[in-house]
Amino acid sequence: PNVVNSTAKCALYVRNGGKKFDNIKMSFSGRLLKVDNYATYEGNPPKIRMKIYTTAPVGTLVEILLGSKGRNNEYPAGTNSQYQAYTTVSNAWEEVNFKFSQIPQGSETSVHEIDQITLLFDPNSYNSDTYYFDDIAGPKLISSKTQPVGSKK
């Protein structure tokens with residue numbers, strides 16, 4: 001723990017250097033709300049944020065894909081929107097802000113279906129760097145247990 005990340009625990013991920021697009025998928029028992037507020041180039045949209053500590057070099061790309069677990073990991077059909085951030089330090093904690101990158105051509109996932117985040121650390125590479133991450137913040141999650149009857153899923 002330090003001034004950037006004061007929590008006692010976080011996630012550890014060592015990238016599989018044998019896979020060009022190695023990734024982590026995190027699924028929810030609910031849906032993310034108001035993703036369309038984040039998925040825009042207009043105005044000053046809110047940013048998805050995450051704390052990262054890595055041994056990777058400065059300038060390493062980290063990507064977040066918001067999508068649907070029901071699409072069997074299909075890309076681009078199962079992805080609603082993509083966001084990118086670049087590291088600015090190595091061997092230290094930092095909080096990165098993800099900028100909206102794109103709604104991939106061929107996406108078939110609406111903003112009402114998002115129940116999965118995919119993390120890609122240095123996609124399109126074969127490195128095996130170590131990443132610690134914590135405190136992902138962004139669109140609000142509504143639990144499937146608390147969704148009103150008749151609400152759009």
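E5 hands over four residues to the lining of the largest pocket, which is the largest share. Before you dig in, note that this is a predicted model, where local features need pLDDT of at least 70 and side-chain atom pairs pLDDT 80 or more, while totals for chains, interfaces and linings use all residues. Residues are numbered from 1 along each chain as its sequence is written, and side-chain values use heavy atoms, leaving out hydrogens and water.

**Exercise 1: the pocket**

Work out how much space lies in the largest pocket, and which residues and strands line it.

*Solution*

- Step 1. Start with the space: about 260 Å³ lies in the largest pocket. (A pocket is an open set of points on a 1 Å grid where a 1.4 Å probe fits, with protein on both sides within 12 Å along at least five of seven lines; lining residues have an atom within 4 Å of a point. The volume is the space filled by probe spheres set on the points.)
- Step 2. Now look at the walls, where 18 residues do the lining; Lys25, Leu65, Tyr75, Thr79 and Thr118 are the closest to the centre.
- Step 3. Sort the lining by strand: E5 (61-67), E6 (79-86) and E8 each give at least two residues. (A strand, E, is a DSSP run of at least two residues, numbered from the N terminus.)

**Exercise 2: the ring pairs**

Pick out two of the aromatic pairs, then say whether each ring is buried or exposed.

*Solution*

- Step 1. Count first: the structure has eight aromatic pairs. (Rings of Phe, Tyr and Trp, the last by its six-membered ring, pair if their centres lie within 6.5 Å; planes under 30 degrees apart are stacked, over 60 edge-to-face, and the rest tilted.)
- Step 2. Take Tyr41 and Phe100: their ring centres sit 4.7 Å apart with planes at 55°, so this pair is tilted. Tyr41 is in the loop between E3 (30-32) and E4 (48-54), while Phe100 belongs to E7 (residues 93-102), 59 residues apart.
- Step 3. Check the cover: Tyr41 is exposed at 59% relative accessibility, but Phe100 is buried at 13%. (Buried means under 20% relative accessible area, exposed over 50%, and partly exposed in between, with a 1.4 Å probe and protein chains only.)
- Step 4. Next come Phe121 and Phe133, with centres 5.8 Å apart and planes at 40°, so they are tilted too. Phe121 lies in E8 (residues 116-121) and Phe133 in E9 (residues 130-137), twelve residues apart.
- Step 5. Phe121 is buried at 0% relative accessibility, and Phe133 is buried at 8%. Ring pairs join both of them with Tyr13 and Tyr131 in a cluster.

**Exercise 3: the salt bridges**

Find the partners of Asp135 and Arg71.

*Solution*

- Step 1. The whole structure holds five salt bridges. (Each has a side-chain nitrogen of Lys or Arg within 4 Å of a carboxyl oxygen of Asp or Glu.)
- Step 2. Asp135 pairs with Lys51, with the closest N and O atoms 3.1 Å apart. That pair links E9 to E4 across 84 residues. Asp135 is partly exposed at 32%, whereas Lys51 is buried at 15%.
- Step 3. Arg71 meets Glu74 at 3.4 Å, N to O, and Glu74 is partly exposed at 36%.
- Step 4. Arg71 also bridges to Glu108, at 2.7 Å between the closest N and O atoms. Arg71 is in the loop between E5 and E6 and Glu108 in the loop between E7 and E8, so the bridge ties together parts 37 residues apart in sequence. Glu108 is exposed at 52%.
- Step 5. Put it together: Arg71, Glu74 and Glu108 make a network of salt bridges.
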